[in-house]
Structures are given as structure tokens and as C-alpha cells.
Amino acid sequence: LVSTNGATAAKAAMVRAAAGPRWGSIDLNVLVFYAGLVGAGEGPLTSAWNAAKAAAVSLIGTPYVLHGTRSQVREILLRRRETWGLNSYTIHAGSMESMAPIVDDLAGR
């Protein structure tokens, strides 16, 4: 069962309420099962397949998939940090290289 954005927001709110003044020091981490950037150097078939998987999952909305252009993924992560407090992500080893530009974009932010 895939957790939806709504379910994740509810879980983050519970943690925030329970944490009280400690909220700012808590690390909320999400394990991302699939992450990819449009135009990240994948072959056309791989890119199309990955885009199809991400589109299917995005229909219900889930924080466990990150896919889009560099600016789209960057904005998704910033929005999640602002609204839910998510500030840490574990990315599958196979996606790490394609997500490196996002790490550069968000360093120090």
C-alpha cells in the first residue's frame, strides 16, 4: 500500500504536535523508492519507462516517488519541507547519480 501525500501530511502533523518545542531539531526522513530527473542521460526507453512509473504513482500522490525536471523536483522538495517539515531523504543507490544536481541546488538552503 502506497502512502499518499495526505497520509504523509497527517503523520508529519502528529510528529509536530508530539514534538512541541523540539520540532526544529527533529529529522523527518522519507525513503524514496524511485527518483529520476527528466533528461538525466537515460536512454529513451528507460526514460519513458521511468516517466510512466512516476506518472502512475503521481495519480494518487506519494512522497516516495520523485520525478520531473530539475526545477520541478527542487520545488517539490522545498514545498514538502515548508508544509510537512520533511528535511531528509534516502534515495535508492540507482538514482543517486541522477539526483546529484538536486543536492547541488539545495545545498545550504
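This dialogue works through strand 2, helix 3, the nonpolar core and one loop of a predicted model.

Colleague: When I look at strand 2, how should I read its two sides, and which residues lie on each?

Modeller: The general idea is that in a regular strand the side chains alternate between the two faces of the sheet. Here strand 2 spans residues 34–37, with Tyr34 and Gly36 on one side and Ala35 and Leu37 on the other, and all four are buried, so that both faces are covered.

Colleague: Which way does strand 3 run relative to strand 2, parallel or antiparallel?

Modeller: Strand 3, residues 65–68, runs parallel to strand 2, and the two are joined by 4 bridges. One of the residues to follow is Ala35, whose bridge partner in strand 3 is Leu66.

Colleague: The backbone oxygen of Ala35 also seems to meet a side chain; which residue supplies the polar atom?

Modeller: That residue is Ser95, a polar atom of whose side chain lies 2.9 Å from the backbone oxygen of Ala35. Ser95 sits in the loop between strand 4 and helix 4.

Colleague: Why does Ser95 count as buried?

Modeller: Buried means under 20% relative accessible area, and Ser95 counts as buried because its relative accessibility is 8%.

Colleague: What else should I examine in that loop, for instance what His92 is in contact with?

Modeller: His92 belongs to the loop between strand 4 and helix 4 as well, and, leaving aside neighbours within four places in sequence, His92 is in contact with Val32 and Phe33. A polar atom of the His92 side chain lies 2.9 Å from the backbone nitrogen of Gly94, while the C-alpha atoms of His92 and Leu31 are separated by 8.0 Å although these residues are 61 apart along the chain.

Colleague: Turning to helix 3, which of its residues are buried, and what covers them?

Modeller: Helix 3 has 15 residues, 70–84, and reaches 21 Å from its first C-alpha to its last, close to the 21 Å expected. Its buried residues are Val73, Arg74, Ile76, Leu77, Leu78, Arg80 and Trp84, and what covers them includes helix 1, strand 2, strand 3, strand 4 and helix 4. After the helix comes Gly85, with a positive phi near 85 degrees.

Colleague: How should I read the largest nonpolar core, and which members touch the most others?

Modeller: In soluble globular proteins, nonpolar side chains tend to be buried together. In this model the largest core has 18 residues, of which Leu66, Val73, Leu77, Met99 and Ile102 touch the most other members. Helix 3 gives the largest share, 5 residues. Beyond four places in sequence, Val73 touches Gly36, Leu37, Leu66, His67, Gly68, Met99 and Ile102.

Methods. Residues are numbered from 1 along each chain as its sequence is written. This is a predicted model: local features need pLDDT of at least 70, side-chain atom pairs count only at pLDDT 80 or more; totals for chains, interfaces and linings use all residues. Side-chain values use heavy atoms; hydrogens and water are left out. Buried means under 20% relative accessible area, exposed over 50%, partly exposed in between (1.4 Å probe, protein chains only). Two strands pair if DSSP finds at least two bridges between them. The expected span of a helix is 1.5 Å times one less than its number of residues. Contact means heavy atoms within 4.5 Å. A polar contact is a pair of N or O atoms within 3.5 Å; within protein, one must be able to donate a hydrogen and the other to accept it, and residues adjacent in sequence count only if both atoms are side-chain atoms. A nonpolar core is a set of buried Ala, Val, Leu, Ile, Met, Phe, Trp, Tyr and Cys residues joined through side-chain atoms within 4.5 Å.
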